Amino acid sequence: MQALYAQLLVGLINGSFYALLSLGLAVIFGMLNIINFAHGALYMMGAFCAYFLLNLAGINYWWALIIAPIIVGIFGMVLERTLLQWLTGLDHLYGLLLTFGIALIVQGVFQNYFGSSGLPYAIPDELRGGMNLGFMFLPVYRGWVVIFSLVVCLATWFLIEKTRLGAYLRAATENPTLVRAFGINVPRMITLTYGLGVGLAALAGVLSAPINQVRPLMGADLIIVVFAVVVIGGMGSIMGSIITGFALGVIEGLTKYFYPEASNTVVFVLMVLVLLVKPTGLTGRAA
Amino acid sequence: MPEVKIAEAPTAKAAAGGEVLNVHNLEAWYGESHILHGVDFSVNAGEVVTLLGRNGAGKTTTLKSIMGIIGKRTGSIRFGGSEIIRTSSDRIARKGVAFCPEERGIFASLDVRENLLLPPSVRPGGLSLDQIFDLFPNLKERLKSQGTKLSGGEQQMLAIARILRTGATFLMLDEPTEGLAPVIIQQIGQTIARLKKQGFTILLVEQNFRFAATVADRYYIVEHGKIIDGFSNSELQANMDKLHTYLGV
């Protein structure tokens, strides 16, 4: 039974990363109509940023949680201003190809300097150790990742669905020309939205650094599953991405317990089934 | 309908009677299609000026060109004395120009309150929510409804109401009566008349000249992307035959 709970916890942790990453993808797709294949590379950059901050500047994990998403978010905004903005109005395929190319370049550069093996990043002292819950042993850091991710996801959902800024974003998703004619600087809002989505990816990278080692290909391993999560949840749906992210992490964890052979494919099987029944995803909007 | 005290329009007041908008030799394109071929007209402060013309004549394109939402345009558009032909639409809006599109532009993902509060205030003097609800009581009862669930008339009221909140003093209304019941058209006419009385300057695009005649001070006729004629409201009766020919009615 303890093994089942342990797999559930692993599933929840993976689900946290899936949710954070797919949330960023959903925000970017909703606003920019770009399928951001560079998301995995930007997640990896978040982890590396935390590593550099600690080892080169002595800046600890807690500050890295704030600083790394800002730095990588700014890098994302530069990408948007210099490259992605030229794709406005073009087919999704162009954005996908461009961001895939960016991902390959970024990963290639990091691999060139750091190889493929992982670099260690220690769990902060405050989050070391674990708690005996009676039915299972809960490592504190893993519990923190799940709760913190959930809080960040819900805060992002609140920002987009319940605030004036979110209303601008949602309106601009529908009719950017009219929103701009109301006096809102839509191009700047698009840049900031891309920065927000990228910042969420980088935040997931920082959270991941102490669990998974910091590796140039850590994002490439994850991004395919995350895209499956986004497709199942529905492209552009904020709450859909959050719920599907956590749910698929748990389903993956349960599959590891009940039928380990299928654990790597269960997400993709679900994706095929969902696409057959509801091509726009569980909560997605039609094109 | 109760009389609503609307804050005075500052720019219109400051330049009462003076020229607010001057469009000269305006040309505009949709992609490769050349739509406007040298439009010339002007609007004075506090006036209601109507662009009349058949479908496809270039009336809406003229409004969109003034608002800066047509990709390619040349010529001159001077608003409040400054050239805005190369100004982005968000900056034009912040100069006090508000646009209510023909399709109304109600956002499906926002409820009525969010739609109403969406355009930011560009200058002081905009209507408060209470003043808006006095003008359009229906909106108050539908605040939680999804914007696109409103009736056509209510959507039009919402589209006009939200630009009145911004404090803009120059309003461009694109066919506000299209597809609406006569009683709603009458209500919109009363609203425009009241806004005019309060000093707002309004550029109206209409095909329904019977409606336009109840509110407009001057008319311009648009045909094939050009202004081909213009007259004041007092000259309307004398020009009725010509108008029928222009509009094909």
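These legends walk through five close-up views of a predicted model.

Residues are numbered from 1 along each chain as its sequence is written, while chains are lettered from A and ligands numbered from 1 in the order in which they are written. Since this is a predicted model, local features need pLDDT of at least 70 and side-chain atom pairs count only at pLDDT 80 or more, whereas totals for chains, interfaces and linings use all residues.

**View 1. Here is where chain A and chain B touch.** Chain B brings 19 residues to this contact and chain A brings 14 residues; two residues are in contact if their C-beta atoms, placed from the backbone, lie within 7 Å. On the chain B side, α3 (89–94) and α4 (112–117) each supply at least two residues. Helices (H or I, at least four residues) are DSSP runs, numbered from the N terminus. The largest share of that side, 4 residues, comes from α3(B). Sorted by class, the side of chain B that touches chain A has 13 nonpolar, 3 polar and 3 charged residues. Here Ala, Val, Leu, Ile, Met, Phe, Trp, Tyr, Cys and Pro count as nonpolar, Asp, Glu, Lys and Arg as charged, and the others, Gly among them, as polar.

**View 2. Now look at α2(B), residues 59–67, and its last residue, B:Met67.** This helix is largely enclosed by the rest of the structure, because 9 of its 9 residues are buried. A residue is buried if 20 or more other C-beta atoms, placed from the backbone, lie within 10 Å of its own. B:Met67 has 23 such atoms within 10 Å. Leaving aside neighbours within four places in sequence, B:Met67 is in contact with A:Ala181 from chain A, and with B:Ser89, B:Ile92, B:Val97, B:Phe99 and B:Met172. Right after α2(B) you'll find B:Gly68, with a positive phi near 85 degrees.

**View 3. Helix α4(A) covers residues 92–114.** It has 23 residues and reaches 33 Å from its first C-alpha to its last, close to the 33 Å expected, where the expected span is 1.5 Å times one less than the number of residues. Among its buried residues are A:Leu98, A:Val106 and A:Phe110. The cover over the buried residues of α4(A) includes α2 (39–57) and α9 (218–233) of chain A. Next along the chain comes A:Gly115, whose phi is positive, near 70 degrees.

**View 4. Helices α5(A), residues 140–162, and α10(A), residues 238–258, cross here.** Their axes come within 10 Å and cross at roughly 165 degrees; axes are lines fitted to C-alpha atoms, for helices over the stretch in contact, and angles run from 0 to 180 degrees between N-to-C directions. That makes the pair roughly antiparallel, a label for angles over 145 degrees. From α5(A), the contact uses A:Cys153, A:Trp157, A:Ile160 and A:Glu161, and from α10(A) it uses A:Ile238, A:Met239 and A:Ile242. Those residues divide into 6 nonpolar, no polar and 1 charged.

**View 5. Helix α10(A) also packs against α11(A), residues 266–277.** The angle is about 125 degrees, and the axes are 9 Å apart. These two helices are therefore oblique to each other, meaning that the angle is not under 35 degrees, not over 145 and not within 65 to 115. A:Leu248, A:Ile251, A:Glu252 and A:Thr255 in α10(A) meet A:Val266, A:Val267 and A:Leu270 in α11(A). By class, this contact has 5 nonpolar, 1 polar and 1 charged residues.

How values were computed:
A residue is buried if 20 or more other C-beta atoms lie within 10 Å of its own, exposed if 12 or fewer, and partly exposed in between; C-beta atoms are placed from the backbone.
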